[in-house]
Amino acid sequence: MSSANNISDDFKEKCEITGVKNAKRENYLDWPDYFMAIAFLSAQRSKDPRTQVGACIVNEENKIVGIGYNGMPIGCHDDLMPWGREHSDVLQTKQLYVCHAELNAVLNKNSSDVKNCTIYVALFPCNECAKVIIQSGIKQVIYYSDKYHDKPEFIASRKMMDMAGVKYRQHIPKKTQILIDFSVIENMTQEVKDVLNKESD
């Protein structure tokens, strides 16, 4: 028997002796919630003061192959570009400049392509992002919100994806909130130490 197995068996035995539960954690994230959470976390990188959107592309093996958020193109300084939606001069609005999360996720891919992948995104894709999704070979869109459902851009998006055979559905999360607590890893480490040192107390 290997030393790794000996350590594992020893740890299990001490868990049984001390009454510590020796079973897998039950309150873990399932894949859909995990990938949507990654999309929402990525959105926190956006400089847009009004709308922060993130996207996460996943292949058929549940491996992340692309992440993106809405922002200005590389080389276009965030502090020098407009972030408003309304202005008498259209050149002073963000719409003409911002790259959407879906586009950035595809461009940021860490694989040769994203064919047959699924994209998780906070908002239902607009018509321009639908074009990118279709052309890149993504086969499924999982979105959280469709609050712009009746706007022409999104009607056109659904029309194109329906014709191209791209499936889409809304994600209903099992958890409404996910807390990221950086201190939890220290607590976990201490718990393991307490179990292993219990007999010496």
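These exercises work through a predicted model of one protein, each with a solution in steps.

**Exercise 1. The overall fold**

Work out how many helices and strands the protein has, and in which pattern they follow each other.

*Solution.*
- Step 1. Count the elements. The protein has six helices and five strands.
- Step 2. Read along the sequence. The pattern is α-α-β-β-α-β-α-β-α-β-α.
- Step 3. Check the contacts. Take those with a separation of 6 or more: 62% of them join residues 24 or more positions apart.
- Step 4. Look at burial and surface. Of the 201 residues, 33% are buried. The protein exposes about 13,400 Å², and carbon and sulfur atoms supply 52% of that area.

**Exercise 2. An aromatic pair in helix α2**

Classify the ring pair of tryptophan 31 and tyrosine 34.

*Solution.*
- Step 1. Start with the search. Eight aromatic pairs turn up in the whole structure.
- Step 2. Take the geometry of this pair. The ring centres of tryptophan 31 and tyrosine 34 are 6.1 Å apart, and the planes meet at 65 degrees.
- Step 3. Apply the cut-off. Planes over 60 degrees apart count as edge-to-face. The pair is therefore edge-to-face.
- Step 4. Place the residues. Both lie in helix α2 (residues 31-43), three residues apart, or about one turn of the helix.
- Step 5. Judge their exposure. Tryptophan 31 is partly exposed at 47% relative accessibility. Tyrosine 34 is partly exposed at 32%.
- Step 6. Widen the view. Ring pairs link Trp31, Tyr34, Phe35 and Tyr120 into a cluster.

**Exercise 3. Aspartate 48**

Decide whether aspartate 48 is buried or exposed, and find what its side chain meets.

*Solution.*
- Step 1. Locate the residue. Aspartate 48 sits in the loop between α2 and β1 (54-58).
- Step 2. Compare its value with the cut-off. Buried means under 20% relative accessible area. Aspartate 48 has 3%, so it is buried.
- Step 3. Find the polar partner. A polar atom of the aspartate 48 side chain lies 2.8 Å from the backbone nitrogen of arginine 50.
- Step 4. Look beyond the neighbours within four places in sequence. There, aspartate 48 is in contact with Asn70, Trp83 and Lys94.

**Exercise 4. Salt bridges**

Describe the salt bridge of lysine 174 and the one between glutamate 128 and lysine 131.

*Solution.*
- Step 1. Note the total. The whole structure holds five salt bridges.
- Step 2. Take lysine 174. Its partner is aspartate 30, with the closest N and O atoms 3.2 Å apart.
- Step 3. Trace the chain between them. Lysine 174 is in the loop between β5 and α6, and aspartate 30 is in the loop between α1 (3-18) and α2, so the pair ties together parts 144 residues apart in sequence.
- Step 4. Turn to glutamate 128 and lysine 131. Their side chains meet at 3.1 Å, N to O. They are three residues apart in helix α4, about one helical turn.
- Step 5. Check exposure. Lysine 174 is exposed at 68%. Glutamate 128 is partly exposed at 44%, and lysine 131 is partly exposed at 37%.

**Exercise 5. The buried side of helix α4**

List the buried residues of helix α4 and name elements that cover them.

*Solution.*
- Step 1. Go through residues 127-136. The buried ones are Asn127, Cys129, Ala130, Ile133 and Ser136.
- Step 2. Find the cover. It includes α3 (101-107), β3 (118-123), β4 (140-145) and α5 (152-164).
- Step 3. Step past the helix end. Just after α4, glycine 137 has a positive phi of about 95 degrees.

Key:
Residues are numbered from 1 along each chain as its sequence is written. This is a predicted model: local features need pLDDT of at least 70, side-chain atom pairs count only at pLDDT 80 or more; totals for chains, interfaces and linings use all residues. Side-chain values use heavy atoms; hydrogens and water are left out. Buried means under 20% relative accessible area, exposed over 50%, partly exposed in between (1.4 Å probe, protein chains only). Helices (H or I, at least four residues) and strands (E, at least two) are DSSP runs, numbered from the N terminus. Contact means heavy atoms within 4.5 Å. Accessible areas come from the Shrake-Rupley method with a 1.4 Å probe; for residues, only the protein chains shown count as cover. Rings of Phe, Tyr and Trp (its six-membered ring) pair if their centres lie within 6.5 Å; planes under 30 degrees apart count as stacked, over 60 as edge-to-face and the rest as tilted. A polar contact is a pair of N or O atoms within 3.5 Å; within protein, one must be able to donate a hydrogen and the other to accept it, and residues adjacent in sequence count only if both atoms are side-chain atoms. A salt bridge is a side-chain nitrogen of Lys or Arg within 4 Å of a carboxyl oxygen of Asp or Glu.
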